[in-house]
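Please open the model in your viewer and keep the selection tool at hand. The tour below proceeds one selection at a time.

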Amino acid sequence: MLKAHIIKKRRELTVDVSLELERGQSVGLFGASGAGKSTVLACIAGIDEPDDGLVELNGLRLFPPSLPLHKRPLGYLTQEPGLFPHLTVSENIVFGIPKERAGEEDKKHWIETLRDSLQLGPLWSAPASRISGGQARRVSLARMLARKPPLVLLDEPFAGLDRQLVRELIDNLVVWSQTVGFSIIAVDHQAEVLRRLCPQQVIVLEQAKIVQRGTWDELYKSPATPLLRSLLAPI
Amino acid sequence: MKIDRRWLARAGATLFALALLYPFTALFARIGAWQWGEDVRGPALSSVRVSLSLTTAAMLIIVALGTPVAAYVARCRTRERLLWQAVLLIPILVPPLALGILLTLAFGPYGTVGSWLEHFGILMTNSATAFVYTQVYVGMGYYVLGAVAAFDAVPSMLQKQAALLGLAPWKVFLRVTLPLSRLGLAVALSIAWVRAIGEFGAVIVTAYYPSGMPVQVWVNLQSFGLPAVMPLLVVFLAVALPLPWLVHVLAQRRRHA
């Protein structure tokens, strides 16, 4: 279970967001650019440090004090795939798995599942520096999930990808979140992407504050602010 | 007639390169028969051994001490980084002869450290130790500043990603930072090598003995004249320059690949 209350000063605004998430649940953070969505995610991941608040994951205190990145049991995916260019695709995917555990039967099976579901077989031995942008996103998704983190943070990881690929990746993620049992917090400025990824609940941020939280149906039915109404309207 | 601008630029660059390489035509200057008799050859080969072995030792120390310092400086915020870089520049900016005098006074028998070390039988002037520490002082700034630039070139997001995948900081350094910066580190080391092995001004003050190649070139010039210098000069260029030159060429090739 995740409990987070993030307070973070950013120029004139102060991000003040709290949320709770049960195992296997997902929540989408929605709002216009600059609303503070990515800041919340970065603070939970540990990439950024909150000025105040509390972050706990399954009883483990992540903040305060700030737990070092390598001790945080979570996955964090951004628009930038961040693959290690000096390694092959397969080396990238098993990067975070200790060698003694990589040989375990269930680990091997899980890696094979990721490889086959994300169609990484033909790329398996290719240098990570030589694959396309779309392929790199699939590899980074597999790398993040290889360790089966209990919490997955997604910061617009599908921006710029074609719709077919986005649908496939999201459907895989949703299925795995249930079978493996990880929670998802996702940020996206496209409501349809976020709704497919986090169908259960959504939190809307405006000017670094929560202006609405609930189900997607509630959101579409009665948006709390004019800006939200315009963000949800078809182009 | 219209002249292609590219060819004009190429001709200019060629002239520039020829001017840069012009001094090496002196290797064919008419100065009489080169001397390579026993009285020249013995000390010359000994100086080659001294330079290669002791400069290698100095480089090992530079890498061992300089790499963690560079890794730290690369992670500092701007103001602190400027401070460290200013400190690292000092031994680079001090004229070599002045550096040699300062080192002798500080580490020699009249200095606190020097007299203390002498109690343990460690001589800090005219010894292999003096030769090595002088080269360490001469080359360290070049290596660390180059290594900081090499570490800077590694995207910090990759290091954070590696940490989020469960790697402790030292493992991130070994598995991500070091492999991605190794070419830059090699270039930094090659610059330190060239600088240290060619050092004359500081070394002649702190370690006239054992004589390295630059000091031996000077001794030969004083004792026998130019014909005794030229063979050693050729050996000097042949043993000291190919490795760093190759590293630079490879680094540039990789950068533009």
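**A helix with two sides**

In this predicted model, begin with α4(B) and select Ala98(B) and Leu105(B), which are exposed on one side of that helix. Now select the whole of helix α4, residues 96-107 of chain B. This helix has 12 residues, and the distance from its first C-alpha to its last is 16 Å, close to the 16 Å expected at 1.5 Å a residue.

Which residues of α4(B) are buried? Select Leu99(B), Gly100(B), Leu103(B), Thr104(B) and Phe107(B) to see them. These buried residues lie on the same side of α4(B) because they cover an arc of only 135 degrees around the axis. A general rule is useful here: an α-helix has 3.6 residues a turn, so residues three or four places apart point the same way.

Next, display what the buried residues of α4(B) pack against: α3 (78-93), α5 (112-119), α6 and α9 (201-206) of chain B.

**A pair of helices**

Keep α6 of chain B, residues 128-152, and add α2 of chain B, residues 38-75. The two helices pack at an angle of about 35 degrees, with their axes 7 Å apart. Their crossing is right-handed. In the contact of α2(B) with α6(B), the residues divide into 20 nonpolar, five polar and one charged.

**Between the chains**

Finally, show chain A together with chain B. How many residues of chain A are in contact with chain B? There are 13, and they meet 13 residues of chain B. On the side of chain A that touches chain B, six residues are nonpolar, four polar and three charged.

Notes. Residues are numbered from 1 along each chain as its sequence is written. Chains are lettered from A and ligands numbered from 1 in the order in which they are written. This is a predicted model: local features need pLDDT of at least 70, side-chain atom pairs count only at pLDDT 80 or more; totals for chains, interfaces and linings use all residues. Axes are lines fitted to C-alpha atoms, for helices over the stretch in contact, and angles run from 0 to 180 degrees between N-to-C directions. Helices (H or I, at least four residues) and strands (E, at least two) are DSSP runs, numbered from the N terminus. A crossing is left-handed if the near helix is turned anticlockwise from the far one by less than a right angle, and right-handed if clockwise. Ala, Val, Leu, Ile, Met, Phe, Trp, Tyr, Cys and Pro count as nonpolar, Asp, Glu, Lys and Arg as charged, and the others, Gly among them, as polar. The expected span of a helix is 1.5 Å times one less than its number of residues. A residue is buried if 20 or more other C-beta atoms lie within 10 Å of its own, exposed if 12 or fewer, and partly exposed in between; C-beta atoms are placed from the backbone. The arc is that of the directions from the helix axis to the C-beta atoms. Two residues are in contact if their C-beta atoms, placed from the backbone, lie within 7 Å.
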